[in-house]
Amino acid sequence: MIGMQLPDVDVWSERVVVALGQNPGLFTGPGTNTYLIGTGAERILLDTAQGVPEYLPVLERALLEADCRIQEIVLTHGHVDHIGGVASVLERYGPLRVSKLPAPEFDAACPVEPTAIADGARLHTEGATLRAIHTPGHARDHLCFVLEEERAIFSGDNVLGVGTTVIPADGGDLAAYLHSLERLLAESPAAIYPAHGPRIADGQAKLREYIEHRIQREREILAALERGQTRIADIVETIYADYPVALHIPAHDSVCSHLLKLEREARVRRDGDDPLVARWTLA
Ligand SMILES: [Zn+2]
């Protein structure tokens, strides 16, 4: 994800304008995409990025170019690069309603009590209807949103325009994540608008690629265990040999999420409490 550049403000469809969060990095790629959704004088702002001061002038430019105000804020989930900008956006444009699926461990970063929304919730603005789909796995409070008028999906961190989603050892759940990908595929989406990276033109192909990627990883991890590798660090060094070393640490979490899934399926055994440093063997 490092090094990719996207414009600060861009129009991705007649009802989707993107304003880049100005927070590029190893995990955020070019930065968080924040979206102005709708066609009217008031539009939904989906996600607020991290809260760096450089973001507000970019958001201001997007609002001017789209000739609109913010109707309300909606969040895909409570990770800091999505919720972190709420305070400064409210300070500049508030008060505004902020809606998300509640998660106390993240919502403290929100200066107002969020309005609770859940699977199936519908949000309306002129020219656009968003339908929430609960998609845990990357984060338990994660919502994706179907843009009904385009059969497109705002995928948050579940599907990215570059790279693959991190399933954190703390709070992530690979089995839930795979189920979430299947649910998104069942929507037969056209485009996907991700929280990081460019618009994905063929959403269904990308979802199949993501599912296949995880199945392939699982095969590689089982093969490593078969060869007698028992530690996550060793497994990562083998199967991520072609990746930059900077990505090996997040890869520990990814391999761990696979092993925890396999453990629940009674296909592997763990010796040790902390899954990240335990010895793992085939069951
Ligand atoms: Zn996230």
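In which helix does L59 lie? This predicted model places L59 in helix α1, which covers residues 55-66. The legends below start with the whole chain and then turn to single elements.

**Figure 1. Overall view of the chain, with eight helices and 14 strands.** The radius of gyration is 19 Å, close to the 19 Å given by the globule rule for 283 residues, so the chain is as compact as a globular protein of that length. The C-alpha trace spans about 60 × 35 × 35 Å along its principal axes. Buried residues make up 44% of the 283 in the chain. Of the contacts between residues at least 6 apart in sequence, 60% join residues at least 24 apart.

**Figure 2. The two domains and their contact.** Domain 1 takes in residues 9-201, and domain 2 residues 213-282. Their C-alpha centres are 31 Å apart. On the domain 1 side, ten residues are in contact with 14 residues of domain 2. Sorted by class, the side of domain 1 that touches domain 2 holds eight nonpolar and two polar residues, and no charged ones.

**Figure 3. The open sheet of seven strands.** The strand order is β1-β2-β3-β4-β5-β6-β7, and the pairing is mixed. At the edges stand β1 (9-13) and β7 (115-116); each has a single partner strand, so one side of each is left without a neighbour in the sheet. Strands of a sheet pair through backbone hydrogen bonds, in either the parallel or the antiparallel sense. For β1 and strand β2 (residues 16-20) the sense is antiparallel, with four bridges between them. Within this pair, V11 stands opposite V17 in β2.

**Figure 4. Helix α1 across the strands, with L59.** Helix α1 lies across five strands: β1, β2, β3 (33-37), β4 (42-46) and β5 (69-74). The helix runs at about 160 degrees to β2. L59, a residue of α1, has 26 C-beta neighbours inside 10 Å and therefore counts as buried; the cut-off for a buried residue is 20 or more. V98 is 39 residues from L59 along the chain, and the C-alpha atoms of the two are separated by 17 Å.

**Figure 5. Helix α3 and its packing partners.** Helix α3 covers residues 86-93, and its buried residues are V86, S88 and V89. Which elements do the buried residues of α3 pack against? The partners are α1, β5, α2 (80-83) and β6 (98-100). Helix α1 thus appears in this view as a partner of α3 and in the previous one as the helix lying across β5.

**Figure 6. The open sheet of five strands.** In this sheet the order is β8-β9-β10-β11-β12, again with mixed pairing. The edge strands, β8 (122-125) and β12 (192-194), each pair on one side only. On average, neighbouring strands of the sheet are turned by 25 degrees against each other, direction ignored.

**Figure 7. Strands β9 and β10 in the five-stranded sheet.** Strand β9 (residues 128-134) and strand β10 (residues 143-147) run antiparallel. How many bridges join β9 to β10? Five bridges do so. L130 stands opposite L147 in β10.

Key: Residues are numbered from 1 along each chain as its sequence is written. This is a predicted model: local features need pLDDT of at least 70, side-chain atom pairs count only at pLDDT 80 or more; totals for chains, interfaces and linings use all residues. Helices (H or I, at least four residues) and strands (E, at least two) are DSSP runs, numbered from the N terminus. A residue is buried if 20 or more other C-beta atoms lie within 10 Å of its own, exposed if 12 or fewer, and partly exposed in between; C-beta atoms are placed from the backbone. Two strands pair if DSSP finds at least two bridges between them. Axes are lines fitted to C-alpha atoms, for helices over the stretch in contact, and angles run from 0 to 180 degrees between N-to-C directions. The radius of gyration is taken over C-alpha atoms; the globule rule is 2.2 Å times the number of residues to the power 0.38. Two residues are in contact if their C-beta atoms, placed from the backbone, lie within 7 Å. Domain bounds come from an automatic or database domain assignment. Ala, Val, Leu, Ile, Met, Phe, Trp, Tyr, Cys and Pro count as nonpolar, Asp, Glu, Lys and Arg as charged, and the others, Gly among them, as polar.
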